[in-house]
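Student: I should like to learn how to read cavities, surface patches and cysteines in a protein model. Could we work through an example together?

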Amino acid sequence: MLSQFNQFLLNFSLLISSLLFAFLPLRHTERISATSPIRTRLTVGLIAGLIGGLLVLNSVTYDGAKIDLRLVALVTAFYYGGWVSGGITTVAIIGARFIITPSGAYEGLILTTLICIALLVTASIYRRFASHTLKDYLILIGIGIGYSVPALYLLTETFTRFLEILLVYIIFILLGGYVTYRFLQELRRHFQFVQAQQELALTDGLTNLANRRKLDETLAHYDQYGYAFSVLIVDIDFFKSVNDTYGHDGGDAVLRQLSHLLQHCSPDEALVGRYGGEEFVVLLPDMPLKEAVRLGETIRLACADQHFVFSTYPAFHVTLSIGAASSDQGETSFEVVQKADQSLYQAKQTGRNKVVGCSEE
């Protein structure tokens, strides 16, 4: 009895360690379900099938029975990936069971096949009325145990031998299912937290736009792959007077409201960021300079028409000076930004509240 318990413990350890490494490729997938893209469901099936096969190959031999945690892999595959994932896992489990089946002793292999198919059919019916919760996951595990118990009885030599292994089997299957569910949930939460922290490191805290680090990384990416782009550098005219009149809180309110305006006016593929202070950058992939200048003019007019509000002060207006340049005007993205910055300087020196493209200087 103790020997079987230790072997089950090894099977359990194999399950957890396999989960840790095998599901890493899916850690950034937002949500995995039966309606996920077919590629995702195939990946889930292959991963769960690999784990299920390993568990079968390392199963505990008890009379004619091969006891392991394959049910956990199968239920996990179906629970997250539906029929596609469950079917692949079933094939892998049956294949592994065939490998360890002695010639002529196919009773266990047949029972394994029947249990897997019955569980998939039952799970597909149950899923229509169930929620995606731990309770439903454990119920599917319980259904699998219910199908496995008669097979376990048929493959053990005596009723006493059957009872010896039954309790250990049920405990480890339920424990394995519970730990697997919690493990996958915590793994997803952990990587979501890490991803959120990474996004925060690339986001301006005041405006929620991309910060300078994100903008610089994107420009480096453009350089690496030779992408064509245009850039707008947007600067608020006389921003110091805004801070002097309304205080720094008022200035922050203007920056936040302007950030919304820039996002609203920019195309979806654009990257809008705060470059520092009252200066913003709009990166426009695959946009020629003339179109970028027209977009800059649209932004300038929208800002001039907008009523900025802060606290109990009357609504007020601010204007923008904008410099534009495109990637064919510099050998590197850094040079392109310098060209746009020079155009911005020209706009400020020639009266402000205007858009100047690099080719117009």
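Student: Which residues lie nearest the centre of the largest cavity?

Tutor: Rolling a probe the size of a water molecule over the atoms shows where empty space is left. In this predicted model, the largest cavity has 17 lining residues, and those nearest its centre are Lys-66, Arg-70, Ile-115, Ser-148 and Tyr-169. Two or more lining residues come from each of β2 (65–67), α3, α4 and α5 (134–155).

Student: Which element gives the most to that lining?

Tutor: Helix α4 does, with five residues. The volume of this largest cavity is about 230 Å³.

Student: How many cavities of 30 Å³ or more does a search of the whole structure find?

Tutor: The search finds two.

Student: Let us turn to the surface. Which residues make the nonpolar patch?

Tutor: The patch consists of Leu-50, Leu-54, Leu-57, Phe-98, Ile-99, Tyr-106, Ile-110 and Leu-114, and its area is about 790 Å². The elements that supply two or more of its residues are α2 (38–57), α3 (70–99) and α4 (107–127). Helix α2 has the largest share, with three residues. Ile-110, one of the patch residues, lies in α4. Helix α4 thus appears in two contexts: it gives residues to the patch and also to the cavity lining.

Student: How many disulfides does the structure hold?

Tutor: A disulfide is a covalent bond between the sulfur atoms of two cysteines. The structure holds zero of them. Take Cys-303, which is in no disulfide: the nearest cysteine sulfur belongs to Cys-265 and is 9.2 Å away, whereas a disulfide requires the two sulfur atoms to be within 2.5 Å.

Student: Is Cys-303 buried or exposed?

Tutor: Cys-303 is buried, because its relative accessible area is 0% and the class covers values under 20%. Cys-116 is likewise counted as buried, at 3% relative accessibility.

Student: Why does Gln-329 count as partly exposed?

Tutor: Gln-329 has 21% relative accessibility, so it counts as partly exposed; that class lies between the limits of 20% and 50%. As for its place in the chain, Gln-329 is found in the loop that runs between β6 (320–326) and α10 (333–349).

Student: What separates the C-alpha atoms of Gln-329 and Cys-358 in space, and how far apart are these residues along the chain?

Tutor: Their C-alpha atoms are separated by 8.1 Å, while the two residues are 29 residues apart along the chain.

Definitions and conventions: Residues numbered from 1 in each chain as written. Predicted model: local features only at pLDDT ≥ 70, side-chain atom pairs only at ≥ 80, totals over all residues. Heavy atoms only, no water. Patch = residues over 30% accessible without salt bridge, like charges linked within 9 Å, V, L, I, M, F, W, Y side chains within 5 Å. Areas by Shrake-Rupley, 256 points an atom, 1.4 Å probe, with all protein chains shown as cover. Salt bridge = Lys/Arg side-chain N within 4 Å of Asp/Glu carboxyl O. Helix = DSSP H or I, 4+ residues; strand = E, 2+ residues; numbered from the N terminus. Buried < 20%, exposed > 50% of the residue type's maximum accessible area, 1.4 Å probe, protein only. 1 Å grid on protein atoms, 1.4 Å probe; cavity = no way out; pocket = protein on both sides within 12 Å on 5 of 7 lines; lining within 4 Å. Points joined across faces, edges and corners; volume = space filled by probe spheres on them.
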